[in-house]
Amino acid sequence: MMSLTSEPDSRPLRRAVTPAGRRTESPVVELNVGGEFYTTTLGTLRKLPGSKLAEMFSSSAKACLDAEGRFFIDRCGTYFGPILEYMRSGQLPTQHIPEVYREAQFYEIKPLIKLLEDMPQIFGEQVARKQFLLQVPGYSENLELMVRLARAEAVAARCSRVLVCLVQNEKDDANCADALRSLEADKRSVVKFGPWKAALDIRDLLDCMNMDIKAQGYQVHYSHNSPLPAKVSDYFYTFSFSWW
């Protein structure tokens, strides 16, 4: 979404505006993207019909101008440069790939999105890891529950501990049923992941959980120290959140 620093201008985008306010028919466009300034052409911005970027600068769109008469887009300007370079020459970025990928998604530059998804930085996250986690029902919801439980126990405490149960299949689920009922009777909170159908490695899942919680800004680590009997202890792990 474009944000304005002045009132929308109703004139068509094909009319460029100079700093002095003089209208011309020049195809050259001056941009202010989140405080970063760029100069390009309407042809470059409209190169991919159907993209949000092309739509922003279509002849029927209303111009959103800054105080100097530049077209303003309220996005991070740092990563707009690689987007613009791709539109000009087809050159792919070599740095800040995840950030450029996010901006390419915003501007709906589909050819660039596809090319970036083939790069190791994006392929690993978007294809490999996310597809891995899609095999775990309720993964995101369970992470949110873990964080809520940890925060609820954080009052006047340096560390919060959240017990999780990982069951890969229906057999594991049945093996843990008595232990889960016992914990519930003792009013112990447990977050259960699974069962799932794919052949997922427990350690990989634990690392993903650890990574995604840390990405939210929490200091966390997990350990395999369960207070439960040995026959079910392999299914239980403790995530420790440190607050100070």
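**Two cores in a predicted model**

Let me begin with a pair of strands: five bridges join β8 to strand β9, residues 236–242, and the two strands run antiparallel. One of the contacts in that pairing can be named, since S223 has T238 as its bridge partner in β9. Please keep in mind throughout that what we have on the screen is a predicted model.

Staying with β8, which covers residues 219–223, you can see its side chains alternating, with V220 and Y222 pointing to one face, where they are buried, and with Q219, H221 and S223 pointing to the other, where they are not. That agrees with the general expectation that in a regular strand the side chains alternate between the two faces of the sheet.

What does Y222 pair with? Its partner is F239, and the two rings form a tilted aromatic pair, 5.4 Å centre to centre and with 35° between the planes. Because Y222 lies in strand β8 and F239 in strand β9, this pair ties together parts that are 17 residues apart in sequence. Both rings are buried, although the values are worth giving separately: Y222 has a relative accessible area of 18%, just inside the cut-off of under 20% for a buried residue, whereas F239 has a relative accessible area of 0%.

Let me step back to the chain as a whole, which has ten helices and nine strands. Of its 244 residues, 43% are buried, and the accessible surface comes to about 13600 Å², with 50% of that belonging to carbon and sulfur atoms. If we take the contacts between residues at least 6 apart in sequence, 65% of them join residues at least 24 apart.

Now to the cores. The largest nonpolar core has 31 residues, and those with the most contacts inside it are L31, L53, F57, F80 and Y107. At least two residues of this core come from each of β3, α1 (42–45), α2, β5, α3, α4 and α5, and among these α4 gives the most, with six residues. There is also a second, separate core of 28 residues, and this one includes I202, L205 and the two rings we have just discussed, Y222 and F239.

Given that contribution, helix α4, residues 97–107, deserves a closer look. Which of its residues are buried? They are I97, V100, Y101, E103, A104, F106 and Y107. Their cover includes β3 (28–33), α2 (52–56), β5 (71–73), α3 (80–89), α5 (110–117) and α6 (120–133). Just after the helix, E108 takes a positive phi of about 60°.

The end of α4 also brings us back to aromatic rings, of which the structure holds nine pairs. F106 and Y107 form one that is edge-to-face, at 5.0 Å centre to centre and with 80° between the planes, and both residues are buried. Ring pairs further link Y38, F80, F106 and Y107 into a cluster. F106 has charged company too, for K52 lies over the face of its ring at 4.2 Å from the ring centre, and R75 lies over the face of F106 at 3.8 Å from the ring centre.

I will finish with one residue from another helix, L180, which is found in α8, residues 170–185. Leaving aside residues up to four places away in sequence, L180 touches C165, V190, K192 and F236. Its C-alpha atom is separated by 9.9 Å from that of L228, which is 48 residues apart from it along the chain.

Note on methods. Residues are numbered from 1 along each chain as its sequence is written. This is a predicted model: local features need pLDDT of at least 70, side-chain atom pairs count only at pLDDT 80 or more; totals for chains, interfaces and linings use all residues. Side-chain values use heavy atoms; hydrogens and water are left out. Helices (H or I, at least four residues) and strands (E, at least two) are DSSP runs, numbered from the N terminus. Contact means heavy atoms within 4.5 Å. Buried means under 20% relative accessible area, exposed over 50%, partly exposed in between (1.4 Å probe, protein chains only). Two strands pair if DSSP finds at least two bridges between them. A nonpolar core is a set of buried Ala, Val, Leu, Ile, Met, Phe, Trp, Tyr and Cys residues joined through side-chain atoms within 4.5 Å. Rings of Phe, Tyr and Trp (its six-membered ring) pair if their centres lie within 6.5 Å; planes under 30 degrees apart count as stacked, over 60 as edge-to-face and the rest as tilted. A charge sits over a ring if NZ of Lys or CZ of Arg is within 6 Å of the ring centre and within 35 degrees of the ring normal. Accessible areas come from the Shrake-Rupley method with a 1.4 Å probe; for residues, only the protein chains shown count as cover.
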